[in-house]
Amino acid sequence: MKAFRLIIKQTSANYRKPETIKNKMTYPLPPFSTVIGALHNACGYTEYKEMNLSIQGKYESMHREPYTDYCFLNRLEDDRGILVWLPNASFFSNAFVRVAHTQKSQGNSFRKGVTIQVENQNLLDEYRRLKDLNDSITEFKKTRLNPVLALIKKRKKTLKEKKKVRKQEGLDCIAVLTRENELKEIEKQIKEWFEKYKYENYTEPLSHFRNLVKSVKYYEILNNIELVIHVQASDEVLHDLEEHWTDIKSIGRSEDMVDVQEAKIVELQEKLNKEVNNIYSAYIDYDTIKRGNSEGVRIYPLGRKDKYVRGTVYYLNKNYEISPENGKRIFQKKKVVYTSNYEINKVGENVYIDEDEYIVNFI
């Protein structure tokens, strides 16, 4: 059996755990989806090509690296962060204009000009005009609109009672129904006019203003990384990898550059006459570890054939499909054990060694 083997070094990298936010924690090795993405990008694939991976490696140390995180708030606040204006309020992007920023942790006001640094006076004036307009709209609704709607509501109630009486007396209700429908239409038009005016003149223009807040967060960074990656795929895909491995630029973040030490096709041995141990940590298929005990242990701790391999269990993303309902990615997850200091005395059923005696377990 053939496989494509990559031996890679990285000065540093973060293989981010997706569930971590404030402190962007890292996996000890890149997850399958990260490596598959890098390989697909290198080969120029736009659709998923079936492939199985064996990922092993090691790192020298880990440190935390601070970075400034920028985040749009869900609602507009008058006293927080940086007031910005978005040309297109329907999409979040890096395209925005800074209007002003606060200078203290509290007690600021963009509208009143309290402890802020102005960066665009024209847009700040527009923000304040919209806030003043909202006060006028609120006052108009309270003193002018609501009394009219209350009067219509009262008149509708009177007509409803009058209609009920006329029905009980067997009298014609056409005139009452006509007037009731007229009032409903007037009420509808008033409400629609008000909502349209408010949206066009206040709600939509104000939606271009947002609060951008910044905070210090951290990446966990692995240092001096070595990776050994085996890829099992069709002959066509293996050929593409041979042709395009030099186009693999990074694994992890875009700045986590790779130095490919070796890239070649290797033969996997399906017979083993001696024990082979592994010098790297690796992701091992959880079911392979458990199943091996009933069929003769194939993967076990060094010198302990009667024991299970122990380590950290991860559910790692591999490939994904697009949901037809909402267009979101639905990842296929693989249950693996991250472990080290293990050996094998048999091969088969997805456990192999290559020509240089790297233990290979495809996921």
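Begin by selecting strand E1, residues 2-13, together with strand E7: in this predicted model the two run antiparallel and are joined by nine bridges. For one contact to centre the view on, pick Ala13, whose bridge partner in E7 is Leu222.

Next, keep E7 displayed on its own, as residues 209-233, and colour the strand by burial. Because 18 of its 25 residues are buried, that is, under 20% relative accessible area, E7 is largely enclosed by the rest of the structure.

From there, add the other strands that pair with E7, taking them in order along the chain. Strand E2, which covers residues 23-24, runs parallel to E7 and is joined to it by two bridges; selecting Asn23 will lead you to its bridge partner in E7, Tyr218. Strand E3, residues 51-72, runs antiparallel to E7, and 21 bridges join the two; within this pairing, select Tyr59 and look across to Ile225 of E7, which stands opposite. Strand E4, residues 82-85, also pairs with E7 in the antiparallel sense, over four bridges, and here Val84 can be selected along with Arg210, the E7 residue that it stands opposite.

For the last stop, move along the chain to residues 251-278, where an unreviewed UniProt entry places the feature "coiled-coil region". What are the helix and strand percentages over residues 251-278? In the model, this segment is 0% helix and 46% strand, and the C-alpha atoms at its ends, which you can select as a pair, lie 23 Å apart.

Definitions and conventions
Residues are numbered from 1 along each chain as its sequence is written. This is a predicted model: local features need pLDDT of at least 70, side-chain atom pairs count only at pLDDT 80 or more; totals for chains, interfaces and linings use all residues. Side-chain values use heavy atoms; hydrogens and water are left out. Buried means under 20% relative accessible area, exposed over 50%, partly exposed in between (1.4 Å probe, protein chains only). Two strands pair if DSSP finds at least two bridges between them. UniProt positions are given in the numbering used here, feature names are shortened, and annotations may be inferred rather than shown by experiment.
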